[in-house]
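Reader: I have a new structure open and no idea where to start. Can you walk me through it?

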Amino acid sequence: MKPVFMSLGISLMLTWLLESIAYLFVKKKTLRDYLVLLLVNLVTNPVVVLISVCTSFSGMTDILLTVVLEASAVLIEWQLYKRCAQYIPRPLCFALCANLFSYFTGQILQLL
């Protein structure tokens with residue numbers, strides 16, 4: 001059970017770091033919107049990681065599961081940004097770009 005918690009913690013911290021970098025590209029930044037970003041990822045990231053870890057299969061099943069989980073996270077984050085953030089101008093675009101950046105950077109880091 002310990003490796004699962006370690007994986008959850010590392011993934012959340014890395015996601016916070018990478019999506020914070022993505023937030024730097026938002027024109028008007030507020031502390032409130034940054035806190036929304038942190039809380040939104042606190043909601044979505046552990047669920048995605050936990051489901052991924054607990055249902056790891058192999059091959060196409062993993063790819064399909066990853067696409068479904070990441071797309072779900074983007075849609076949930078989009079709605080949360082739309083409802084809670086004040087100055088994130090295109091919340092769907094932001095959620096999609098931040099998640100793509102975070103996901104692919106994480107994949108690259110795993111290869112190192």
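Author: Take Thr30, whose side chain reaches the backbone nitrogen of Asp33 at 3.0 Å. Keep in mind that this is a predicted model.

Reader: Ok. Where does Thr30 lie?

Author: Thr30 is in the loop between helix 1 and helix 2.

Reader: And what does Thr30 touch, not counting residues up to four places away in sequence?

Author: With those sequence neighbours (up to four places away) left out, Thr30 touches Tyr23, Gln86 and Tyr87.

Reader: Moving on to Asn45. Buried or exposed?

Author: Asn45 counts as buried, because its relative accessibility is 9% and the cut-off for buried is under 20%. Its place is in helix 2.

Reader: Which backbone nitrogen lies 3.4 Å from a polar atom of the Asn45 side chain?

Author: That of Leu12. Leu12 also appears among the residues that Asn45 touches, together with Leu8, Ser11 and Thr15, not counting residues up to four places away in sequence.

Reader: Helix 2 again, then. What about Val43, which lies there too?

Author: Val43 is in helix 2 and is partly exposed, with a relative accessible area of 48%.

Reader: How far apart are Val43 and Met13?

Author: In sequence they are 30 residues apart, and in space 13 Å, C-alpha to C-alpha.

Reader: Now pockets. How much space lies in the largest pocket?

Author: About 690 Å³. The largest pocket is lined by 29 residues, and the closest to its centre are Ser11, Val49, Glu70, Tyr103 and Gln107.

Reader: Ser11 came up before. Which elements give two or more residues to that lining of the largest pocket?

Author: Helix 1 (2-23), helix 2 (31-54), helix 3 (60-84) and helix 4 (91-111). As for Ser11, that residue is one of those touched by Asn45.

Reader: How does the lining of the largest pocket split by class?

Author: There are 14 polar residues, 11 nonpolar and four charged in the lining of the largest pocket.

Reader: And the second largest pocket, what volume has that?

Author: The second largest pocket has a volume of about 280 Å³. It is lined by 13 residues, of which Ala22, Phe25, Val26, Cys93 and Phe94 are the closest to the centre.

Reader: Which elements give two or more residues to the lining of the second largest pocket?

Author: Helix 1 and helix 4. Helix 4 gives the most, with five residues.

Reader: What classes are in the lining of the second largest pocket?

Author: That lining has 11 nonpolar residues and two charged ones, with no polar residues.

Reader: You listed Cys93 there. How many disulfides does the structure hold?

Author: Zero. Cys93 is in no disulfide, and its nearest cysteine sulfur, that of Cys97, is 4.0 Å away.

Reader: Why is that pair not a disulfide?

Author: A disulfide needs two cysteine sulfur atoms within 2.5 Å, and here the sulfur of Cys97 is 4.0 Å from that of Cys93. Cys97 is in no disulfide either.

Reader: Is Cys93 buried, exposed or partly exposed, and which is Cys97?

Author: Cys93 counts as partly exposed, because its relative accessibility is 36%. Cys97 also counts as partly exposed, at 44% relative accessibility.

Reader: Where do those percentages put the limits?

Author: Partly exposed covers the range between the buried limit, under 20%, and the exposed one, over 50%. The 48% of Val43 therefore counts as partly exposed as well.

How values were computed: Residues are numbered from 1 along each chain as its sequence is written. This is a predicted model: local features need pLDDT of at least 70, side-chain atom pairs count only at pLDDT 80 or more; totals for chains, interfaces and linings use all residues. Side-chain values use heavy atoms; hydrogens and water are left out. On a 1 Å grid over the protein atoms alone, a cavity is a set of points where a 1.4 Å probe fits but cannot get out, and a pocket is an open set with protein on both sides within 12 Å along at least five of seven lines; lining residues have an atom within 4 Å of a point. Grid points are joined across faces, edges and corners, and a volume is the space filled by probe spheres set on the points. Helices (H or I, at least four residues) and strands (E, at least two) are DSSP runs, numbered from the N terminus. Ala, Val, Leu, Ile, Met, Phe, Trp, Tyr, Cys and Pro count as nonpolar, Asp, Glu, Lys and Arg as charged, and the others, Gly among them, as polar. A polar contact is a pair of N or O atoms within 3.5 Å; within protein, one must be able to donate a hydrogen and the other to accept it, and residues adjacent in sequence count only if both atoms are side-chain atoms. Contact means heavy atoms within 4.5 Å. Buried means under 20% relative accessible area, exposed over 50%, partly exposed in between (1.4 Å probe, protein chains only).
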